[in-house]
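Please open the model in your viewer, with the sequence panel alongside, and keep a selection tool ready. The tour moves from one selection to the next and says what is to be found at each stop.

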Amino acid sequence: VGSVDEYVMFKFTDGSVLKYEGIGDIDCGDNLTSMFLFHISDFKGKTVQKIRLRRSDYYLDYEVEGEFTVAELINAVK
């Protein structure tokens with residue numbers, strides 16, 4: 001699972017940033033999976049603008065689009 005120094009960051013429309021470090025053991029196999037433990041309360045009243053996912057030496061930035069908030073998506077799967 002995961003990679004060295006992986007994280008996911010959420011940038012909110014109010015300018016604040018939330019960062020979660022990856023959890024789990026490192027596995028250098030072909031089917032890597034990142035794991036993060038989110039706290040729904042961290043998203044309450046916030047709107048996510050961008051998400052950055054870092055794995056190993058590289059990262060990807062994603063613009064958030066859609067009709068559901070991250071908090072609503074997390075609630076839907078818990």
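Two strands are said to pair here if DSSP finds at least two bridges between them. With that in mind, and remembering throughout that this is a predicted model, the tour can begin with a pair of strands.

**First stop: β1 and β2**

Select β1 (7-12) and β2 (17-21), which pair in the antiparallel sense over five bridges. Within this pairing, V8 stands opposite Y20 in β2. The two strands form a hairpin with four residues between them, and if you click on G15 in the turn you will be at a residue with a positive phi of about 95 degrees.

Now show the side chains of β2: which of them are buried, and which are not? They alternate along the strand, with L18 and Y20 pointing to one face, where they are buried, while V17, K19 and E21 point to the other face and are not buried. On that second face, look for the salt bridge between E21 and K19, whose closest N and O atoms are 3.7 Å apart. E21 is partly exposed at a relative accessible area of 47%, and K19 likewise counts as partly exposed at 44%.

**Second stop: the nonpolar core**

Next, select V8, F10, F12, L18, Y20, F36, F43, V48, V70, A71 and I74, the eleven residues that make up the largest nonpolar core. Colouring by element of secondary structure is helpful at this point, since β1, β2 and α1 (70-77) each supply at least two residues of this core. As a general background to such a cluster, nonpolar side chains in soluble globular proteins tend to be buried together.

Keep the core displayed and centre the view on F43, which is found in the loop between β2 and β3. Is F43 buried or exposed? Its relative accessible area is 2%, and because buried means under 20%, F43 counts as buried. Leaving aside neighbours within four places in sequence, F43 is in contact with F10, F12, L18, Y20, F38, V48, V70, A71 and I74. If you draw a distance from F43 to I74, C-alpha to C-alpha, it should read 9.6 Å, for two residues that are 31 apart in sequence.

From F43, step across to V48, whose place is in strand β3 and which is buried, with a relative accessible area of 10%. Not counting residues up to four places away in sequence, V48 touches F10, K11, F12, F43, V64 and V70. A second C-alpha distance can be drawn here, from V48 to V17, and these residues, 31 apart in sequence, are 9.3 Å apart in space.

**Third stop: β3 and β4**

Extend the selection to the whole of strand β3 (residues 48-55), which pairs with β4 in the antiparallel sense over six bridges. These strands also form a hairpin, in this case with two residues between them, and S56 in the turn has a positive phi of about 55 degrees. How many of the six residues of strand β4 (residues 58-63) are buried? The number is zero, so this strand lies largely in the open.

Select R52 next, a residue of strand β3 that stands opposite D61 in β4. The side chains of R52 and D61 meet in a salt bridge, at 2.6 Å from N to O. R52 is partly exposed, with a relative accessible area of 26%, and D61 also counts as partly exposed, at 44%. Leaving aside neighbours within four places in sequence, R52 is in contact with Y7, V8, M9, Y59, L60 and D61. The C-alpha atoms of R52 and V8 are separated by 5.6 Å, although these residues are 44 apart along the chain.

**Last stop: a link between two loops**

The structure holds four salt bridges, and one of them brings the tour to K46 and D14, where the closest N and O atoms are 3.0 Å apart. K46 lies in the loop between β2 and β3 and D14 in the loop between β1 and β2, so the pair ties together parts that are 32 residues apart in sequence. With a surface display switched on, compare the two partners: K46 is partly exposed, with a relative accessible area of 26%, whereas D14 counts as exposed at 52%. In general, side chains of opposite charge can pair when their charged atoms come close.

Methods. Residues numbered from 1 in each chain as written. Predicted model: local features only at pLDDT ≥ 70, side-chain atom pairs only at ≥ 80, totals over all residues. Heavy atoms only, no water. Core = buried A, V, L, I, M, F, W, Y, C linked by side-chain atoms within 4.5 Å. Buried < 20%, exposed > 50% of the residue type's maximum accessible area, 1.4 Å probe, protein only. Contact = heavy atoms within 4.5 Å.
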